[in-house]
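Colleague: I have a structure open and would like to go through it with you before I set anything up. Could you take me round it?

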Amino acid sequence: YTCPSCGAQIVTDETTAASFCYYCHNPIVLEEKLRGEFKPDYVVPFQIDKKKAQEIFTQWVGRKKFVPDYFFSASQIESMTGVYFPYWLYSCQVKGDLQAEGKTVRVWDMAGMRYTETKVYDIRRQGDMNVDSVARNALKKANRKLIDGVLPYRLNEKKDFSMGYLSGFVAENRDMEKEQFVLDVQTEVRQFALQSLQDQAGSYSSMQVRKKEAGIRDEEWSYALLPVWTLTYNDKARGKIYYFALNGQTGKICGKLPVDRKKIIILFFSVFLPLFLLLMTGGYFLG
């Protein structure tokens with residue numbers, strides 16, 4: 001692609017839909033990748049800017065005593081990137097039906113005799129549930145722990161998609177279609193609906209379910225871009241990638257941090273070893 005600002009050639013991943021020019025650093029939106037069937041229906045705009053995201057990261061890492069200094073160096077923090085990740089959103093209506101037999105048992109002693117009272121209940125619960133915007137990430141290369149770790153979003157605040165929301169951020173297009181998630185999402189929705197009915201059935205000593213059904217109707221899928229602040233570090237010596245992720249709307253944090261063994265050794269020799277020797281010496285004299 002050609003940068004409209006400086007004319008430089010830009011090379012991107014196949015799924016990248018918005019990025020920055022490596023030469024003039026101007027934001028680039030590759031509009032042709034977000035047209036037709038790949039045009040998102042919705043976007044959740046960033047509500048946390050980069051400065052605030054960096055402050056949250058600095059405070060969070062500051063509470064972690066054994067993180068290597070390089071992970072929160074000034075250059076590392078500056079590399080934090082705002083990314084719009086692609087998600088499929090699933091909505092439907094569920095009609096649930098639960099039939100079961102519940103028992104309560106009460107035991108008491110009186111006049112040297114033990115009595116047992118058993119009550120049997122016919123349990124029937126029915127209900128309709130509206131399910132709105134169950135999210136599934138639609139990018140194969142995305143780190144699942146990172147992406148799932150910042151969920152959920154307040155999806156009732158989503159906006160109709162506009163290219164303007166992408167300016168100044170990186171955006172990824174989907175490379176997974178909704179058909180890959182249908183069975184998984186339907187199973188999750190049914191289980192949630194039936195568990196909700198069972199939780200409302202009441203408290204019993206035991207319950208035997210005779211029938212449980214959850215029918216799904218009015219299914220709808222939509223495509224949305226959701227905001228995440230990301231920071232990654234590739235530790236080539238250990239062959240591991242460490243990451244920090246921040247929900248760009250709610251501020252929820254998810255991270256996998258490296259551990260500086262030198263800091264642990266210093267702590268051992270400065271605190272635990274002297275304490276151990278003191279206890280040993282005390283025990284010796286007491287003996």
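Modeller: What follows is a walk through pockets, surface, charged pairs and backbone, and please keep in mind that this is a predicted model.

Colleague: Fine, pockets to begin with. How much space lies in the largest pocket?

Modeller: The largest pocket holds about 580 Å³ of space.

Colleague: And which residues lie nearest its centre?

Modeller: The lining consists of 22 residues, and those nearest the centre of the pocket are Val83, Phe85, Lys141, Glu172 and Thr230.

Colleague: Which helices and strands supply at least two residues of that lining?

Modeller: Contributions of at least two residues each come from the strands β1 (16–20), β4 (81–110), β7 (170–172), β8 (206–235) and β9 (240–247), and also from the helix α3 (144–149).

Colleague: How does the lining divide into nonpolar, polar and charged?

Modeller: Of the lining residues, 11 are nonpolar, eight are polar and three are charged.

Colleague: Now the outside. Which residues form a nonpolar patch on the surface?

Modeller: Met110, Met113 and Tyr115 make up such a patch, and together they have about 310 Å² of accessible area. Met110 belongs to strand β4, and with a relative accessible area of 48% Met110 is classed as partly exposed, because the exposed class begins over 50%.

Colleague: On to charges. How many salt bridges does the count come to?

Modeller: The count comes to 15 salt bridges. As background, side chains of opposite charge can pair when their charged atoms come close.

Colleague: Take Glu117, then. What does Glu117 form a salt bridge with?

Modeller: Its partner is Arg106, and the closest N and O atoms of the two are 3.4 Å apart. Glu117 sits in strand β5 (residues 113–137) and Arg106 in strand β4, so this salt bridge ties together parts that are 11 residues apart in sequence. Both residues are partly exposed, Glu117 at 28% relative accessibility and Arg106 at 44%.

Colleague: What about Arg35, which side chain does it meet in a salt bridge?

Modeller: Arg35 meets Glu31, with an N to O distance of 3.8 Å. Arg35 counts as exposed at 53% relative accessibility, whereas Glu31 counts as partly exposed at 38%.

Colleague: And Lys178, how far apart are the closest N and O atoms in its salt bridge?

Modeller: Lys178 pairs with Glu179, and the closest N and O atoms there are 4.0 Å apart. Lys178 is partly exposed, with a relative accessible area of 27%, while Glu179 is exposed at 56%.

Colleague: Which residues are linked in a network of salt bridges?

Modeller: One such network links Glu37, Arg174 and Glu177.

Colleague: Changing topic to the backbone, where is there a cis peptide bond?

Modeller: The bond from Leu151 to Pro152 is cis, and its omega is near 5°. Pro152 is in the loop that runs between α3 and β6 (159–160).

Colleague: What is the phi of Ser133?

Modeller: Ser133 has a positive phi of about 60°, although this residue is not a glycine. Ser133 is part of strand β5 and is buried, at 9% relative accessibility. Asp218 also has a positive phi without being a glycine, with a value near 55°. Asp218 lies in strand β8 and counts as exposed, with 53% relative accessibility.

Colleague: Last topic, contacts across the chain. Is Ala138 buried or exposed?

Modeller: Ala138 is buried, with a relative accessible area of 0%, and Ala138 is found in the loop between β5 and α3. The C-alpha atoms of Ala138 and Pro86 are separated by 5.5 Å, although the two residues are 52 residues apart along the chain.

Colleague: And Gln186, where is it found?

Modeller: Gln186 is in helix α4 (residues 182–199), and at 14% relative accessibility Gln186 is buried, because that class covers values under 20%. Between the C-alpha atoms of Gln186 and Val94 the separation is 9.9 Å, with their positions 92 residues apart along the chain.

Colleague: Thanks, that gives me what I wanted to look up on screen.

Definitions and conventions: Residues are numbered from 1 along each chain as its sequence is written. This is a predicted model: local features need pLDDT of at least 70, side-chain atom pairs count only at pLDDT 80 or more; totals for chains, interfaces and linings use all residues. Side-chain values use heavy atoms; hydrogens and water are left out. On a 1 Å grid over the protein atoms alone, a cavity is a set of points where a 1.4 Å probe fits but cannot get out, and a pocket is an open set with protein on both sides within 12 Å along at least five of seven lines; lining residues have an atom within 4 Å of a point. Grid points are joined across faces, edges and corners, and a volume is the space filled by probe spheres set on the points. Helices (H or I, at least four residues) and strands (E, at least two) are DSSP runs, numbered from the N terminus. Ala, Val, Leu, Ile, Met, Phe, Trp, Tyr, Cys and Pro count as nonpolar, Asp, Glu, Lys and Arg as charged, and the others, Gly among them, as polar. Patches are made of residues with over 30% relative accessible area and no salt bridge: like charges are joined within 9 Å, nonpolar side chains (Val, Leu, Ile, Met, Phe, Trp, Tyr) within 5 Å. Accessible areas come from the Shrake-Rupley method with a 1.4 Å probe; for residues, only the protein chains shown count as cover. Buried means under 20% relative accessible area, exposed over 50%, partly exposed in between (1.4 Å probe, protein chains only).
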